[in-house]
Amino acid sequence: MNDVADRALKILRELRSITFATTKDGVPQARIADVMGYENGRLLCIVGNNKPFYYQLKEIGKVALVGMTPNYVMVRLVGDIRFVDDAQRDKVFDHNPDLANLFPNEDQRRSLVPYHIYRGKGEIFDLSGTRGKMYRERFSFGGETVHAAGFRINDDCTACGACLPACPFSAIAEGNPYVIDPNQCDECGSCYAVCPSDAIELPTGL
Ligand SMILES: Cc1cc2nc3c(=O)[nH]c(=O)nc-3n(C[C@H](O)[C@H](O)[C@H](O)COP(=O)(O)O)c2cc1C
Ligand code: SF4
Ligand code: SF4
């Protein structure tokens, strides 16, 4: 696990109540749920065992998460889930004591199914201003790989320079070919629109 992944997963755990998205029949479904723990490189969560959310997790085996700190640092990821044994549910209650207010006794807790998000990829997208106008960093964990963010300039570039002033994020550097910094590219597409040589390639997303 690299430092960016560790920082990202810690932020999600600290935010705790964030957006969890799945799909149902190809249609996106989003709701708030909780990141109940982070240890051994995995996130620990729970889901009510008869919720649509549960059946969607079971069917697709994946979930997308997104949350944001009060100073505009967004963390998002898409990951693989695995349902885990009931001992992990006890851990959830140990690490989140306030949950006992909602589910005071053992019988009521049985409906909660614990799962790990054990592998995934994502990014920190930082608009706090502390790392320049915008700074984004991709990460992966649990053996997943991730594409670099941003548009990319290929060898068809003639170094004409038209893209440089078009970029609101100062993400482009002169060269032959010109180069886009994946950590500073917002993927706004302004450079793509002005390139006379079709030398700028679209980003692939997470
Ligand atoms: C702050 C907050 C935290 C929540 N945490 C969870 C959670 O960890 N697990 C869960 O199953 N539902 C949680 N819920 C409830 C779900 O958002 C709600 O049951 C939702 O309807 C589930 O999605 P579904 O309708 O697609 O099943 C939480 C709701 C809120 C407002
Ligand atoms: S506009 Fe296109 S051809 Fe010109 S420098 Fe930028 S990438 Fe290269
Ligand atoms: S897509 Fe937007 S932010 Fe990225 S390099 Fe092009 S102009 Fe700059």
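This is a walk through the model, one selection at a time.

**The whole chain**

Start zoomed out, and keep in mind that you are looking at a predicted model. Along the principal axes, the C-alpha atoms fill a box of roughly 70 × 35 × 25 Å. Switch to cartoon and you should find 6 helices and 12 strands. If you colour by burial, 28% of the 206 residues count as buried. As for contacts between residues at least 6 apart in sequence, 63% of them join residues at least 24 apart.

**Two domains**

Now colour residues 3-141 as domain 1 and residues 147-206 as domain 2. Their C-alpha centres lie 33 Å apart. Where they meet, 11 residues of domain 1 are in contact with 7 residues of domain 2. On the domain 1 side, select strand S7 (112-126) and strand S8 (135-141), the elements that give two or more residues to the touching side. S8 gives the most, with 4 residues. Colour that side by class and you get 3 nonpolar, 2 polar and 6 charged residues.

**Ligand 1**

Centre on ligand 1 next, which is surrounded by 13 residues. Show sticks for the closest ones: Arg31, Ala33, Asp34, Lys51 and Phe53. Which elements give two or more residues to this shell? They are strand S2 (27-34), strand S4 (42-48) and helix H2 (52-60). S2 gives the most, with 5 residues. By class, the shell has 7 nonpolar, 3 polar and 3 charged residues.

**Strand S5 and its neighbours**

Select residues 62-68, which make up strand S5. The strand has a covered face, made of Val63, Leu65 and Gly67. Its uncovered face has Lys62, Ala64, Val66 and Met68.

Add strand S1 (residues 17-24): S1 and S5 run antiparallel and are joined by 3 bridges. Then add strand S6 (residues 73-83), which also runs antiparallel to S5, with 7 bridges between them. Leucine 65 is a handy residue to click on here. Phenylalanine 20 stands opposite leucine 65, and leucine 65 in turn stands opposite leucine 77 in S6.

While you are here, follow the chain through the hairpin of S5 and S6, which has 4 residues between the strands. Stop at tyrosine 72, where phi is positive, near 70°.

**Ligand 2**

Jump over to ligand 2, with 15 residues around it. The closest are Cys157, Cys160, Ala162, Cys163 and Cys195. What classes do the shell residues divide into? There are 12 nonpolar, 3 polar and no charged residues.

**Backbone stops in the loops**

Three loop positions are worth a click. Go to alanine 159, in the loop between strand S9 (152-153) and S10. Its phi is near 60°, a positive value in a residue other than glycine. Is alanine 159 buried or exposed? Exposed, because just 12 other C-beta atoms lie within 10 Å, and 12 or fewer counts as exposed.

Move on to proline 177, in the loop between strand S10 (172-173) and strand S11 (179-180). Look at the peptide bond joining asparagine 176 and proline 177: it is cis, with omega about 5°.

Finish at aspartate 198, in the loop between helix H6 (190-194) and strand S12 (200-201). Here phi is near 50°, again a positive value in a residue other than glycine. Aspartate 198 has 10 other C-beta atoms within 10 Å, so this residue is exposed too.

Notes: Residues are numbered from 1 along each chain as its sequence is written. Chains are lettered from A and ligands numbered from 1 in the order in which they are written. This is a predicted model: local features need pLDDT of at least 70, side-chain atom pairs count only at pLDDT 80 or more; totals for chains, interfaces and linings use all residues. A residue is near a molecule or strand if its C-beta atom, placed from the backbone, lies within 6 Å of it. Ala, Val, Leu, Ile, Met, Phe, Trp, Tyr, Cys and Pro count as nonpolar, Asp, Glu, Lys and Arg as charged, and the others, Gly among them, as polar. A residue is buried if 20 or more other C-beta atoms lie within 10 Å of its own, exposed if 12 or fewer, and partly exposed in between; C-beta atoms are placed from the backbone. Two residues are in contact if their C-beta atoms, placed from the backbone, lie within 7 Å. Domain bounds come from an automatic or database domain assignment. Two strands pair if DSSP finds at least two bridges between them.
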